[in-house]
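Subject: Structure handover

Hello,

Here is the structure I said I would pass on. Please have it open while you read the notes underneath.

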Amino acid sequence: HGDCIEGLKSLADASVDLVFADPPFNIGFKYDEYDDRLDAERYLDWSNQWMREVHRVLKSDGTFWLAIGDEYAAELKVAATQIGFHTRNWVIWYYTFGVHCKLKFTRSHAHLFYFIKDPKRFTFNREAIAVPSARQLVYQDKRSNPAGRTPDDTWILRPQDCPDGFQPEEDTWYFPRVAGTFRERAGFHGCQMPEQLLGRIIRGCSNPGECVVDPFSGSSTTLTVAKKLGREFFGFELSEEYVKLGTARIEKAAVGDRLEGAEEPKVSAPTTEQGKPLGAELKANSKKRGRKPSNQSATTSQTQELF
């Protein structure tokens with residue numbers, strides 16, 4: 001329990017293998033112990049402070065992942081580079097059930113920056129995160145590597161309806177946002193990362209027994225996944241309530257437990273064709289309201305043509 005800057009300052013230089021940070025986005029989210037509406041200059045100064053500490057505590061071959069929204073993605077990428085980090089990938093995490101926006105396009109993605117300290121020395125376990133390639137699954141090409149290929153850096157409206165798009169080896173990653181009805185939902189924090197997303201990062205950029213740190217523990221997803229995957233771990237969190245509930249979540253997990261969520265999220269939900277036709281639903285709603293159904297209701301097949 002405590003402020004991450006002070007907590008990171010208490011750590012020895014070059015003592016951590018992997019840092020995953022999902023800081024406040026400075027968009028007015030209602031945290032119980034943090035003001036998420038700082039002026040831009042103050043927010044960027046604060047971000048520089050904790051990222052400098054991350055750079056200091058990381059080992060020379062360590063890795064830093066940063067999750068951030070549109071508002072400050074560009075600024076924090078530049079700041080991280082000025083601090084001394086090198087960018088390996090700018091990953092896009094696409095999710096469904098984005099938070100609805102009335103006056104702009106609905107937010108349905110976040111940026112995941114993959115930074116390292118030394119461009120010549122770093123951990124990247126390709127085999128641990130390899131995925132089947134299109135050569136294997138579609139074309140039965142004998143030239144394909146039977147071990148699969150490295151995921152792309154885009155991690156997508158209805159991915160189930162795009163069988164040839166948004167493949168897991170691409171650099172836009174699709175993982176559903178942890179919505180309120182999901183079994184995975186911890187229930188006490190509004191910005192919960194999917195376990196499978198953290199699993200890809202922790203498997204790919206650290207080894208069993210190494211140290212994983214989360215400066216903004218929140219719902220404790222990073223720490224829970226790190227424990228399941230056999231890593232050492234700790235984090236910092238301002239909220240006493242989040243610390244209490246997050247610690248309980250961690251204690252329920254055990255080394256070797258499976259990660260929550262579907263390993264292949266594109267098959268975790270039905271396709272549009274398998275779903276309930278929109279036209280039938282509109283007719284039912286119109287009947288309840290005593291209105292004559294419109295002849296412009298879209299059918300499932302018509303909806304699919306949009307994609």
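What follows goes through the strands, the cysteines and the helix packing in turn. Please keep in mind that this is a predicted model.

Strands

I began with strand E1, which covers residues 16–21. Is it buried or exposed? Of its 6 residues, 6 are buried, so the rest of the structure largely encloses this strand.

E1 has pairing partners in E2 and E6. With strand E2 (residues 58–68), E1 forms a parallel pairing that runs over 5 bridges. Within that pairing, Val 16 sits opposite Leu 58 of E2. With strand E6 (residues 211–214), the pairing is again in the parallel sense, over 2 bridges. Here Leu 18 has Val 212 in E6 as its bridge partner.

The connection from E1 to E2 involves helix H2, residues 40–57. Together, E1, H2 and E2 make up a β-α-β unit, and its hand is right-handed.

Cysteines

How many disulfides does the structure hold? The count is 0. Two cysteines may still be of interest to you at the bench. Cys 4 has a relative accessibility of 4%, and Cys 211 has a relative accessible area of 13%. The cut-off for buried is under 20%, so Cys 4 counts as buried, and Cys 211 is buried as well. Cys 211 falls within the residue range of E6, the strand that pairs with E1.

Helix packing

H2, the helix of the β-α-β unit, also packs against helix H3 (residues 73–83). The angle between H2 and H3 is about 40°, and their axes are 10 Å apart. The two helices are therefore oblique to each other. H2 passes H3 in a right-handed crossing.

Further along the chain, helix H7 (residues 221–228) packs with both H6 and H8. For H7 and helix H8 (residues 240–252), the angle is about 15° and the axes lie 9 Å apart. Angles under 35 degrees count as roughly parallel, so H7 is roughly parallel to H8. The crossing of H7 past H8 is right-handed.

For helix H6 (residues 195–205) and H7, the packing angle is about 60°, with the axes 9 Å apart. That angle makes H6 oblique to H7. H6 and H7 also cross in the right-handed sense.

Regards

Terms used. Residues are numbered from 1 along each chain as its sequence is written. This is a predicted model: local features need pLDDT of at least 70, side-chain atom pairs count only at pLDDT 80 or more; totals for chains, interfaces and linings use all residues. Side-chain values use heavy atoms; hydrogens and water are left out. Buried means under 20% relative accessible area, exposed over 50%, partly exposed in between (1.4 Å probe, protein chains only). Helices (H or I, at least four residues) and strands (E, at least two) are DSSP runs, numbered from the N terminus. Two strands pair if DSSP finds at least two bridges between them. A crossover is right-handed if, with the strands pointing away from the viewer, the path from the first strand over the helix to the second runs clockwise. A disulfide is a pair of cysteine sulfur atoms within 2.5 Å. Axes are lines fitted to C-alpha atoms, for helices over the stretch in contact, and angles run from 0 to 180 degrees between N-to-C directions. Angles under 35 degrees count as roughly parallel, over 145 as roughly antiparallel, 65 to 115 as roughly perpendicular and the rest as oblique. A crossing is left-handed if the near helix is turned anticlockwise from the far one by less than a right angle, and right-handed if clockwise.
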